[in-house]
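Welcome! Let's get to know this structure together through a few questions and answers.

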Amino acid sequence: MKTLLLFLALGLTLNAGISEGDKAPNFTLKTLDGKNSHTLQSLKGDVVLVNLWASWCKGCKKEMPEFFELQKSYKKGFKIVTVSVDDTATKSQKFLNSVEKKTGIKTPFITLHDAKKSVAKSYHCAAMPSSYLIDKNGVIKQIIVGSLDASDIKQLKVEINKLK
Amino acid sequence: MKITLFMQLVLLALILLFNGCSEKLVRVMPYEKEHFADPKMSLSPLAERAEHEGHIFLIREASAGGDSAYQGGCGCR
């Protein structure tokens with residue numbers, strides 16, 4: 001009984017996070033406009049960058065134009081999936097519209113809305129923004145915590161090219 | 001000391017109870033900080049006004065300095 005209790009306590013206390021090399025948890029979410037839904041599973045065969053962001057997060061806003069450029073530089077084999085954790089999708093859409101204006105690029109990636117924060121929970125998001133580089137087989141290859149600048153994107157491109 | 005079944009059950013209940021206080025449940029997670037990030041939640045939402053008020057405060061209190069790492073707050077600067 002003692003052993004049982006000990007294991008139970010350990011099991012309840014330890015909260016196993018997600019780490020590189022783990023299978024990326026699948027998700028099904030609707031797009032910001034609520035018209036379509038996407039699953040991570042359907043992107044198998046492509047290298048995927050899942051980015052968790054919000055319109056109230058300064059770092060997320062800073063890196064978003066970089067993602068526009070990044071996705072534009074890859075026509076095949078690499079897809080960015082941005083998951084907004086905003087309470088309302090309109091705030092996210094408003095911000096993306098402003099980035100579209102600034103960069104002159106129409107949003108080139110999949111934009112999903114997760115008001116329930118289910119993806120952030122299943123990916124054990126430690127900070128905002130967080131990005132997860134996932135290989136063709138759905139395995140997490142890199143977890144990036146914090147915002148990316150132009151030099152980080154350069155390094156990321158090297159990783160993406162390796163995985164492609 | 002002999003641990004009775006009742007004590008074991010109490011212990012189990014306590015473990016379950018205290019796990020309810022685990023970090024994941026109590027801490028506001030980074031993705032849940034939308035309302036905290038609102039500008040109106042800032043201690044001084046109007047930065048310019050805060051600076052002005054600070055200036056007035058210093059004059060009123062007849063003291064200056066002490067609000068940075070290299071001033072002693074002696075009023076001599």
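Q: Is A:Glu159 buried, partly exposed or exposed?
A: This is a predicted model, so the values here are computed from it. Buried means under 20% relative accessible area and exposed means over 50%. A:Glu159 has 29% relative accessibility, so A:Glu159 counts as partly exposed.

Q: Which residue forms a salt bridge with A:Glu159?
A: Look along helix 5 (residues 150-163) of chain A, where A:Glu159 has a partner three residues apart, about one turn of the helix. The partner counts as exposed, at 61% relative accessibility. With the closest N and O atoms 3.6 Å apart, the salt bridge is formed with A:Lys162.

Q: How many residues apart in sequence are the parts that A:Asp46 and A:Lys79 tie together?
A: The side chains of A:Asp46 and A:Lys79 meet in a salt bridge, 3.2 Å from N to O. A:Asp46 lies in the loop between strand 2 (37-39) and strand 3 (47-53) of chain A, while A:Lys79 lies in strand 4 (residues 78-84), so the parts they tie together are apart in sequence by 33 residues.

Q: What is the nearest side chain of opposite charge to A:Asp114?
A: You will find A:Asp114 in the loop between strand 5 (110-113) and helix 4 (118-122) of chain A. Leaving out residues up to four places away in sequence, A:Asp114 touches several residues, including A:Leu29, A:Val83 and A:Ala120. A:Asp114 is buried yet has no salt bridge, and the nearest side chain of opposite charge, 7.6 Å away, is A:Lys117.

Q: What is the radius of gyration of chain A?
A: Chain A has five helices and seven strands, and its C-alpha trace spans about 65 × 35 × 30 Å along the principal axes. A compact globule with 164 residues would have a radius of gyration near 15 Å; the value for chain A agrees with this, at 17 Å.

Q: Which residue of chain B forms a salt bridge with B:Glu53?
A: The two partners both lie in helix 3 (residues 47-60) of chain B, four residues apart. B:Glu53 counts as partly exposed at 41% relative accessibility, and its partner is exposed at 51%. Their closest N and O atoms are 3.1 Å apart, and the partner is B:Arg49.

Q: What is the area of the nonpolar surface patch that includes B:Phe6?
A: B:Phe6 sits in helix 1 (residues 5-19) of chain B and counts as exposed, at 62% relative accessibility. Together with B:Ile3, B:Met7, B:Val10, B:Leu14, B:Leu17 and B:Phe18, B:Phe6 makes a nonpolar surface patch of about 680 Å².

Note on methods
Residues are numbered from 1 along each chain as its sequence is written. Chains are lettered from A and ligands numbered from 1 in the order in which they are written. This is a predicted model: local features need pLDDT of at least 70, side-chain atom pairs count only at pLDDT 80 or more; totals for chains, interfaces and linings use all residues. Side-chain values use heavy atoms; hydrogens and water are left out. Patches are made of residues with over 30% relative accessible area and no salt bridge: like charges are joined within 9 Å, nonpolar side chains (Val, Leu, Ile, Met, Phe, Trp, Tyr) within 5 Å. Accessible areas come from the Shrake-Rupley method with a 1.4 Å probe; for residues, only the protein chains shown count as cover. A salt bridge is a side-chain nitrogen of Lys or Arg within 4 Å of a carboxyl oxygen of Asp or Glu. Helices (H or I, at least four residues) and strands (E, at least two) are DSSP runs, numbered from the N terminus. Buried means under 20% relative accessible area, exposed over 50%, partly exposed in between (1.4 Å probe, protein chains only). The radius of gyration is taken over C-alpha atoms; the globule rule is 2.2 Å times the number of residues to the power 0.38. Lys and Arg count as positive and Asp and Glu as negative; His and the chain ends are not counted. Contact means heavy atoms within 4.5 Å.
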